[in-house]
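Hello,

Here is the structure I promised to pass on to you. Have a look at it first, and then read on for what turned up.

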Amino acid sequence: MPEPRGWPCPDGPALAVDLGATHLRVAVAADQLGPVVVRRTRDLAPQGSGTELVAAIAEVAAAVAEATCPGRRPAAVGVGVAAFVDPGGALHAATPYGVPAGDALNDAFAAALGVPVVVDNDAKMAALGELTSGVGVGRDSFVLVTLGTNIGGALVLDGHVVRGAHGTAGEVGMLLVRARRGPGGRGRVADAGRFGRAETAAGPGYAWLEELVGGGALARSSLPPGLAPEASPGVFARAAAGDRRARAAIARAVEGWAMLVADLAAVLDPPLVILSGGLVAEADHFLEPLRERVRELTPFPPEIRSGALGASAGLVGAAVAARRVIGTPEARHDRGDRGGPTVTLRGQGLEE
């Protein structure tokens, strides 16, 4: 049977990796923007070591490459990670899976896999996915907001994902909300009034918006004290069934999300805000109330739409980032007998 058009095997597949706090997903598509044809998921043990993480990714990536293109090694790998990543591929803070702050994940992955590796924040990879194969196709500028356990974001201007001086441009979950704090400074419970109470890592007198209305906060605040979120149906299912506590939590969340979009409108005046992440599919019927509230908060509301790629947005973006380094002089340089480059690509993959 002939290989489908765009099939990556002639030059080796470009692999996409989505690295969450508790899971690892690796995939490859029939072409840069086509359907995923092979995908593997693996749970990660929190508080493991960075060495174990790199080994796990190398193992799963090798299995996916072999299943897709037997006997052919990957040509490049794109990795989206749920962490702040600087322009050199290093993490700004330690991760739950044991990678310390300052470690350059792209260096470690490239050494383990023997191929060029592009590492970036998962929201930026999702924005790249929507830009090339989702709601952002044909749109020069937009903001993508990820609504998951936390809140993330990415800014696209003139068709490019903006990284910023520290690689953290678009991290809208870190917008500050006034909050009263107990004694002891950082890491204590903050009371943000109508947005509720939450443990916060923000400076004294404030909490981060994601700590108050991210998915994790939404799950916790919608349940009676002492009941774990995983022991109960989801907050949106409970709200639909008439649970008052769940409805109140969702109302707070919609208000927080609307404030976030209104702040974006004031600072950036984007034509479009794309909502992505795990909460969006569940919360889709809250989009119209969100739009209405944004229109009340700002005279210049952007268009608000759900992403087209769902949970695969980050994987699609990581595949695009990987393919963009294939064929560059650095990627072709010094492959040698081992088939892998001796250089590490830094800051590449998100630009044309």
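Please keep in mind that this is a predicted model.

A good place to begin is the pair β10 and β11, where β11 covers residues 189-191: they run antiparallel and are joined over two bridges. Within that pairing, Arg180 has Asp191 of β11 as its bridge partner. Both strands belong to an open, antiparallel sheet of three strands, ordered β10-β11-β12. Its edges are β10 (180-181) and β12 (197-199), each of which pairs on one side only.

There is also an open sheet of five strands, with mixed pairing and the order β8-β7-β6-β14-β15. Here the edge strands are β8 (160-162) and β15 (303-306), and the twist from one strand to the next averages 25°. β14 (residues 272-276) pairs with β15 in the parallel sense over four bridges; in that pairing, Val273 is matched with Ile304 of β15.

Two helices pack on this five-stranded sheet. Helix α3 (residues 122-133) touches β6 (142-147), β7 (151-157), β8 and β14, and its direction makes about 45° with that of β7. Helix α9 (residues 287-297) touches β14 and β15, with its direction at about 160° to that of β15.

Finally, a residue from a loop: Ala90 sits between β4 (76-81) and α2 (105-113). Is Ala90 buried or exposed? Ala90 counts as buried because its relative accessible area is 10%, and the cut-off for buried is under 20%. The C-alpha atom of Ala90 is 7.4 Å from that of Ala101, which is 11 residues away along the chain.

Best wishes

Notes
Residues numbered from 1 in each chain as written. Predicted model: local features only at pLDDT ≥ 70, side-chain atom pairs only at ≥ 80, totals over all residues. Heavy atoms only, no water. Pairing = 2+ DSSP bridges. Buried < 20%, exposed > 50% of the residue type's maximum accessible area, 1.4 Å probe, protein only. Axes fitted to C-alpha atoms, helices over the stretch in contact; angles between N-to-C directions. Contact = heavy atoms within 4.5 Å.
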